[in-house]
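Please read the following report alongside the sequence and the model. It moves from the ligands to the metal sites, and then to the aromatic rings and a few single residues.

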Amino acid sequence: ESGITKPKGYNVSFHCNPEMEKHHFGMTHPMKPWRLTLSKSLIYSYGMSFAMDNYISRAATYEELATFHSTDYLDFLGTVLPEPVPRDLENQNPDLKFNLGGSDCPLFDGLYDYCSMSAGGALDAARKLVSHQSDIAIAWGGGLHHAHKAEASGFCYINDIVVAILELLRYHPRVLYIDIDVHHGDGVEEAFFSTDRVMTVSFHKYDPNNFFPGTGALDDNGPKSEQNPGSHHALNVPLNDGITDEQYAMLFDTIIGQIVEKFRPTAIALQCGADSLAGDRLGRFNLQVQGHGACVAFCKRMNLPLLLFGGGGYTPRNVARAWAYETALAVGVDDKINDYIPSHTPWRDQFRHDTLFPTLEQILGEPRVNRNTQKRLQEMIQHVTEQLRFVQA
Ligand code: VJV
Ligand code: CA
Ligand code: ZN
């Protein structure tokens, strides 16, 4: 038995930082950095490290973070201390400085290190792509798409995606950003609102009054003005509860296919938030590991430098399954992975049955009622097609 080996002439790099994974948002907070450790264990157990270049990422420097974030915000983030008594859910202080210290974005030990390590992994990944050392670069510790220039939001403090895309833009004329997290990628969209060099497209659950962050309607396409080159370069695909693999793939392939044809990106950044999977603690969709992974497979087929970020994902065992499967897709061993479980793996047969591949037959989560009509999905495709009439590469 040979095990997984490196594909010839095709490089995948894997960027992680074990120190980052040790941080805690608080006992019952949904964001659990240890899901990264779980994902990595599954990936390494399959022997996938032998098919990739593996890097321990460094922390991003203050200067690197300041390419997007305001120095006022960074200075505060670097000096605030955890509160001795955490604020409870009900009793929130309405005037939090930079939105730091509430229940969504708590102050915890080592917060600044956690943030700079997340961004460091994303930046390392971007640099591997621009130097042509990698064809696909993976940073599962990144993908924190809600952070703004001078404000934390929705479990995100530093927008590692924006920092990494800014690095790509030093060498790439046009970057396509795609976001399959169940939440709207508002921070990334806003950061590139006024440029035509980045097209952002987010697929998300949309219900302005009941689902975070409430933005990302179909006709939110950036500030509409003649002078703004960024108009028509922000696309949104607002969805309802219970969308299935088939519907999602149809939308994704049609929309992304059209965008690639019209916008002609020279690199793709894909945020793979795993909270769009069925059975997620915060999510609402019915996606299975295959349906989620199909988005990665589609982007890979575009044959462009590809940066894969993590993001949300609140049922850790499913996060690990999805990101392990997507790592296998990136490397190109998804179809033969079960044959390659190293022979020295303890409980090899149980491992084969309990972890990754069974989920490719088994259904994740309680199925939700699908509230997405075929008619509405067609309207969304139509709207995107109309926006793309204004786009010229
Ligand atoms: O919906 C919100 C904001 C509120 C105020 C704060 N309360 C707790 C919840 C309602 C309006 N925030 C969302 C943020 C979701 C962020 C998603 C991030 C990503 O996946 O897109 C990218 C990494 C929200 N939904 C659920 C919760 N917050 C939530 C927060 C908690 C919690 C339970 C649920 C914080 C602490 C604890 N439990 C103990
Ligand atoms: Ca999204
Ligand atoms: Zn999310």
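How many Å separate a polar side-chain atom of His183 from an oxygen atom of ligand 1? The distance is 3.1 Å, and it counts as a polar contact, that is, a pair of N or O atoms within 3.5 Å, where within protein one atom must be able to donate a hydrogen and the other to accept it, and residues adjacent in sequence count only if both atoms are side-chain atoms.

The model is predicted, so local features need pLDDT of at least 70 and side-chain atom pairs count only at pLDDT 80 or more, whereas totals for chains, interfaces and linings use all residues. Residues are numbered from 1 along each chain as its sequence is written, chains are lettered from A and ligands numbered from 1 in the order in which they are written, and side-chain values use heavy atoms, with hydrogens and water left out.

## Ligand 1

Around ligand 1 there are 20 residues, of which Asp104, His145, His146, Asp275 and Tyr314 come nearest; a residue counts as near if one of its heavy atoms lies within 4 Å of the molecule. The polar contacts of ligand 1 include those in the table.

| Side chain | Partner | Distance |
|---|---|---|
| His146 | oxygen atom of ligand 1 | 2.7 Å |
| Asp181 | oxygen atom of ligand 1 | 3.2 Å |
| His183 | oxygen atom of ligand 1 | 3.1 Å |

On its own, ligand 1 has 790 Å² of accessible area, and the protein covers 72% of it; such areas come from the Shrake-Rupley method with a 1.4 Å probe, and for residues only the protein chains shown count as cover.

## The zinc and calcium ions

The zinc ion (ligand 3) has as its protein donors Asp181 (OD), His183 (ND1) and Asp275 (OD), which lie 1.9 to 2.0 Å from it. Donors here are N, O and S atoms within 2.8 Å of the metal, or 3.2 Å for Na, K and Ca, and sites may look incomplete because water is not among the atoms. Along the chain these zinc donors follow the spacing D-x1-H-x91-D. Asp181 and Asp275 link distant parts of the chain, being 94 residues apart, with Asp181 in the loop between S4 and H6 and Asp275 in the loop between strand S7 (267-271) and helix H8 (289-301). Helices (H or I, at least four residues) and strands (E, at least two) are DSSP runs, numbered from the N terminus. Asp181 counts as buried at 1% relative accessibility, and Asp275 does so at 0%; buried means under 20% relative accessible area, exposed over 50%, and partly exposed in between (1.4 Å probe, protein chains only).

The calcium ion (ligand 2) is coordinated at 2.5 to 3.0 Å by Asp179 (O), Asp179 (OD), Asp181 (O), His183 (O), Ser202 (OG) and Phe203 (O). Why is the arrangement of the six donor atoms around the calcium ion (ligand 2) irregular? These atoms subtend angles of 70 to 167°, which makes it so. Six donors count as octahedral if opposite donors are over 155 degrees apart and all others between 65 and 115, while four count as tetrahedral if all angles lie between 85 and 135 degrees, or as square planar under the conditions given for six; anything else is irregular. Among the donor residues, His183 sits in the loop between strand S4 (175-179) and helix H6 (186-191), and Phe203 lies in strand S5 (residues 198-205), 20 residues apart. His183 is buried, with a relative accessible area of 8%, and Phe203 is buried as well, at 0%.

## Aromatic rings

Phe203 also belongs to one aromatic cluster with Tyr248, Phe252, Phe285 and Phe298. In the whole structure, a search finds 14 aromatic pairs. Phe108 and Tyr157 form an edge-to-face pair, 6.1 Å centre to centre with 85° between the planes. Rings of Phe, Tyr and Trp (its six-membered ring) pair if their centres lie within 6.5 Å, and planes under 30 degrees apart count as stacked, over 60 as edge-to-face and the rest as tilted. Both Phe108 and Tyr157 are buried.

## Other residues

His184 lies in the loop between S4 and H6 and is buried at 1% relative accessibility, while a polar contact of 2.7 Å joins its side chain to that of Thr215. Gly9, by contrast, is exposed, with a relative accessible area of 81%.
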